[in-house]
Structure formats: structure tokens, C-alpha cells
Amino acid sequence: MAVHAVRLPATQLHGGISGNLSQANRNPNAAIRFVCGSSKRCRFISSSLRDGDEHGKESSVRAMEVKKILEDSPLLPKPLSSNQLAETVSNGSRVRVAYQGVRGAYSESAADKAYPNCEAVPCEEFDTAFEAVERWLVDRAVLPIENSLGGSIHRNYDLLLRHNLHIVGEVKLAVRHCLLANHGVNIEDLKRVLSHPQALAQCENTLTRMGLVREAVDDTAGAAKQIAFEKLSDAAAVASAEAAKIYGLNIVAEDIQDDSDNVTRFLMLAREPIIPGTNRLFKTSIVFSLEEGPGVLFKALAVFALRQINLTKIESRPLRKHPLRASGGLKYFDYLFYVDFEASMADEVAQNALRHLEEFATFLRVLGSYPVDTTML
């Protein structure tokens with residue numbers, strides 16, 4: 001697979017370029033590398049694009065060349081890693097949606113539910129998916145934020161604040177775990193089971209009854225892939241039925257989760273916010289911080305209660321890179337509070353609530369105002 005370097009001017013994203021991008025990505029003359037399937041399909045943009053065009057043709061030539069490169073770029077053959085972010089671009093054929101994991105992951109199913117007929121792009125890390133959207137390598141990202149059994153995905157709460165993306169929707173996915181093994185392997189042959197730590201915890205009672213030793217790996221579909229590729233005969237994976245189809249495994253047991261009400265909520269992320277409406281049920285997500293003091297959090301939450309606005313989620317996270325606050329001889333953590341509430345930012349009552357909160361909050365940011373997912377698989 002040939003790799004060609006092309007110089008492009010910096011693209012100004014809505015809301016600014018994320019502060020965690022490298023200096024090379026901020027530099028207007030930095031080289032951006034594209035992965036191309038054939039050297040004949042990629043070429044260097046003329047040096048006139050770097051040096052300027054005295055006849056005023058620079059913009060049109062650049063646009064045509066960049067469009068050609070975007071159209072010629074192939075689909076991603078494997079998950080994006082952090083050092084590959086600058087090497088791949090969207091081909092513009094379908095909506096490209098980033099998710100964390102490998103093919104067969106529950107996140108891929110969530111991406112398909114959120115954007116039917118999309119081109120799902122696997123990423124190795126949550127960070128990679130965020131950055132892929134910011135750098136225009138994909139159009140959207142669908143990432144988990146909470147599970148009905150395992151609770152919040154704290155990493156993604158932190159990344160929401162670090163990156164300049166907007167929540168444009170949510171999707172809820174019912175998680176149904178299966179025990180997957182190679183064909184010809186029976187339950188009696190199994191001695192160990194591989195999966196993501198949270199998936200193992202969600203099937204703890206079942207796996208204990210089977211007497212299987214649990215081994216944690218990065219994700220559920222990755223466990224299925226390992227079982228298949230290494231042709232293991234003494235091990236199984238906890239993963240989805242879709243992963244069994246993809247990796248050619250046999251489902252030796254279905255619905256092995258301890259609680260049937262196992263639901264994961266995913267956020268749909270984009271570079272631009274959507275325009276909130278009032279024609280359907282909307283949810284708004286915000287993050288804010290407060291001064292230390294008695295009753296301060298009560299006061300913050302009261303701005304919603306006074307206006308009959310229902311809160312559906314509240315999560316606190318330590319404010320990183322801030323010294324401990326000293327008060328009365330004691331030291332306290334500074335916290336960020338993430339809150340979801342049932343109202344659209346198009347509603348005057350929601351606008352008034354945030355104006356009220358802004359009067360005493362030390363920091364306030366709206367992460368998104370988006371339609372509520374009222375469907376379940």
C-alpha cells in the first residue's frame with residue numbers, strides 16, 4: 001500500500017482546532033499523508049499550491065486535486081491507530097462513522113443503528129475516534145457513555161471535555177452476550193474464557209457455574225478474533241452473535257449475561273451541532289464547575305427543579321491539572337459536573353435555566369442538545 005505526502009493548507013474547524021493536535025497539524029504548510037491503494041491513483045499537488053498562484057487559480061486547482069485524492073482513497077482495512085490518523089481520509093461515498101474496537105464489536109452494531117448503511121470505521125482507542133472526527137477523516141463517531149450494569153464510561157466523559165465535538169444524538173443498544181468457541185469444541189472442553197472486563201463481570205454468575213478461568217482482553221470482538229485466529233480449543237470468548245458470524249465461531253451458549261436488562265447508551269458525535277427543535281423529545285448535556293461551599297451543588301441543581309426540568313443523569317469527575325483547594329485547614333478536590341436534562345435548547349425554559357446557572361458557575365459548556373432515543377433493539 002503506497003503512502004504519498006501532500007501539502008495542504010490548514011483547515012479551520014468550527015470552534016477551533018483541538019489543543020491536543022500536534023504542532024504539525026496546526027502548521028498551514030504541514031504535510032498530510034494519505035494512504036492510497038495504487039501509486040497511479042495519487043500524485044503530488046503542484047508546487048504552485050505551496051508557493052501561491054499569481055493568476056488566481058490556486059484555490060480551484062487545490063480543490064480539484066484534493067477532491068480527487070479523497071475520491072481515490074480506499075476503505076480502511078484495519079482499525080485506526082493514533083499514528084495513522086493523518087494517513088487516511090474519507091472517500092465521501094457514505095457516511096463514515098468511527099467506533100472503538102474491531103469488527104463485530106457492540107459499538108459497530110450501535111453505529112449501524114445510529115446511521116443505517118454507514119461505513120463503520122474501527123478505531124483502536126476512544127481517543128483515536130475523537131481525533132478522527134476532528135481531523136475530517138470520518139464524519140461521525142458513535143461511542144459508549146454508560147451501561148445499565150457497569151455504569152459510566154469515565155474515559156469518554158473526560159474526552160468530551162478535551163475535544164471540540166458536539167453530541168448530536170444518542171442510541172441505546174441491548175447487549176446480549178454469547179459464549180463463542182471454535183467448531184468442534186464443546187462446553188466440557190473449555191477451561192478459560194476471554195473478553196472485555198466489563199463483559200466478564202456482566203456474566204460472572206454464569207461463568208462461575210461453568211468453572212471457567214476469566215482472562216481480560218481489550219474488547220469482546222477482539223476476544224472472538226483471538227479465539228478464531230489462534231484456533232484455541234480450551235478457550236471461549238464472551239461476545240456478540242455478530243462476532244460469531246464474522247470470525248466463523250460456534251455459539252455454544254446464548255444470553256449468558258446475569259441480568260437481561262443490559263443496555264448500553266452511546267453518544268453520536270459530530271464536528272457541528274444540530275439545530276435543536278421542539279417537535280419531539282430532546283435531551284441536553286452540559287458540563288460545569290462550581291465554587292466550594294455548603295449548598296452550592298444544591299443551588300446549581302435547583303435551577304432545573306424550579307423550572308420543572310427533569311434531570312436524567314449527573315456525573316462528577318475530578319478537575320484535572322488543578323491544585324487541591326484549601327479551605328478551613330482542609331483540602332478538597334475541584335470537580336466537574338456532567339448533567340443530562342430533558343429539554344431542548346430551543347425551549348425558553350432551558351435557556352433561562354442555563355442563564356441562571358451561569359450566574360454562579362465558574363465554568364459552563366453545552367455539550368449538545370439532541371433527540372432522545374426512544375427505541376430499543
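Modeller: Two strands pair if DSSP finds at least two bridges between them. This is a predicted model, and the wording below applies to it.

Biologist: Then what makes E3 and E4 a pair?

Modeller: The bridge count does. There are 5 bridges joining E3 to E4. The requirement is at least two, so E3 and E4 pair. The two strands run parallel. One position to look at is Tyr99, which stands opposite Pro122 in E4.

Biologist: Why is strand E4 called mostly covered?

Modeller: Strand E4 spans residues 119-123, and 4 of its 5 residues are buried. Buried means under 20% relative accessible area.

Biologist: Where is Gly104, and why is Gly104 called buried?

Modeller: Gly104 lies in the loop between strand E3 (96-100) and helix H4 (106-114). Its relative accessible area is 1%. The cut-off is under 20%, so Gly104 counts as buried.

Biologist: What does Gly104 touch?

Modeller: Leaving out residues up to four places away in sequence, Gly104 touches Ala221, Ser240, Ala243 and Ile246. Pro122 can be placed relative to Gly104 too. Their C-alpha atoms are 9.8 Å apart, and 18 residues separate them along the chain.

Biologist: Next, the helix after E4. What makes H5 mostly covered?

Modeller: Helix H5 takes in residues 126-134, and 9 of its 9 residues are buried. Among them are Asp127, Glu131 and Glu134, alongside Phe126, Phe130 and Val133.

Biologist: Which elements do the buried residues of H5 pack against?

Modeller: They pack against E3, E4, strand E5 (140-147), helix H6 (154-162) and E13. H5 is followed by Trp136, whose phi is positive, near 65°.

Biologist: Which residue in the loop after helix H9 has a positive phi, and how exposed is that residue?

Modeller: That is Lys231, in the loop between helix H9 (220-229) and strand E11 (235-239). Its phi is near 50°, positive in a residue other than glycine. The relative accessible area of Lys231 is 66%. Exposed means over 50%, so Lys231 is exposed.

Biologist: Why is Asp255 called partly exposed?

Modeller: Its relative accessible area is 36%. Buried needs under 20% and exposed needs over 50%, so Asp255 falls in between and is partly exposed. Asp255 also has a positive phi near 50°. Its loop runs between strand E12 (250-254) and strand E13 (263-270).

Biologist: What is the order of the open sheet of 5 strands, and what makes E10 and E12 the edge strands?

Modeller: The order is E10-E9-E11-E8-E12, with mixed pairing. Strand E10 (213-216) and E12 each pair on one side only. Neighbouring strands of this sheet are turned by 30° against each other on average, direction ignored.

Biologist: How do we know that E8 and E12 pair?

Modeller: Strand E8 (residues 178-181) and E12 share 4 bridges. At least two are needed, so the pairing holds. The sense is antiparallel. In E12, Ile251 is the bridge partner of Leu180.

Biologist: Which strands of the sheet does H9 touch?

Modeller: H9 packs on the sheet and touches E8, strand E9 (192-195) and E11. The direction of H9 makes about 150° with that of E11.

Biologist: Why is strand E14 called largely enclosed?

Modeller: Strand E14 covers residues 282-289, and 8 of its 8 residues are buried, so the rest of the structure largely encloses it. Both faces of E14 are covered. Phe282, Thr284, Ile286 and Phe288 are buried on one side, and Lys283, Ser285, Val287 and Ser289 on the other.

Biologist: Which strands pair with E14?

Modeller: Strand E19 (residues 363-371) is joined to E14 by 8 antiparallel bridges. Gly368 in E19 is the bridge partner of Ser285. Strand E18 (residues 335-341) pairs with E14 over 6 bridges, again antiparallel. There, Thr284 stands opposite Phe341.

Biologist: Last, how do we know whether H11 and H12 are roughly parallel or antiparallel?

Modeller: The axes of helix H11 (residues 296-305) and helix H12 (residues 348-358) come within 9 Å and cross at roughly 165°. Angles over 145 degrees count as roughly antiparallel. H11 and H12 are therefore roughly antiparallel. Their crossing is right-handed.

Biologist: Which residues make the contact of H11 and H12?

Modeller: H11 supplies Ala300, Val303 and Phe304, and H12 supplies Ala353, Leu354, His356 and Leu357. The contact residues divide into 6 nonpolar, 1 polar and no charged.

Technical notes: Residues numbered from 1 in each chain as written. Predicted model: local features only at pLDDT ≥ 70, side-chain atom pairs only at ≥ 80, totals over all residues. Heavy atoms only, no water. Axes fitted to C-alpha atoms, helices over the stretch in contact; angles between N-to-C directions. Parallel < 35°, antiparallel > 145°, perpendicular 65-115°, else oblique. Left-handed = near helix turned anticlockwise from the far one by under 90°. Contact = heavy atoms within 4.5 Å. Nonpolar A, V, L, I, M, F, W, Y, C, P; charged D, E, K, R; others polar. Buried < 20%, exposed > 50% of the residue type's maximum accessible area, 1.4 Å probe, protein only.
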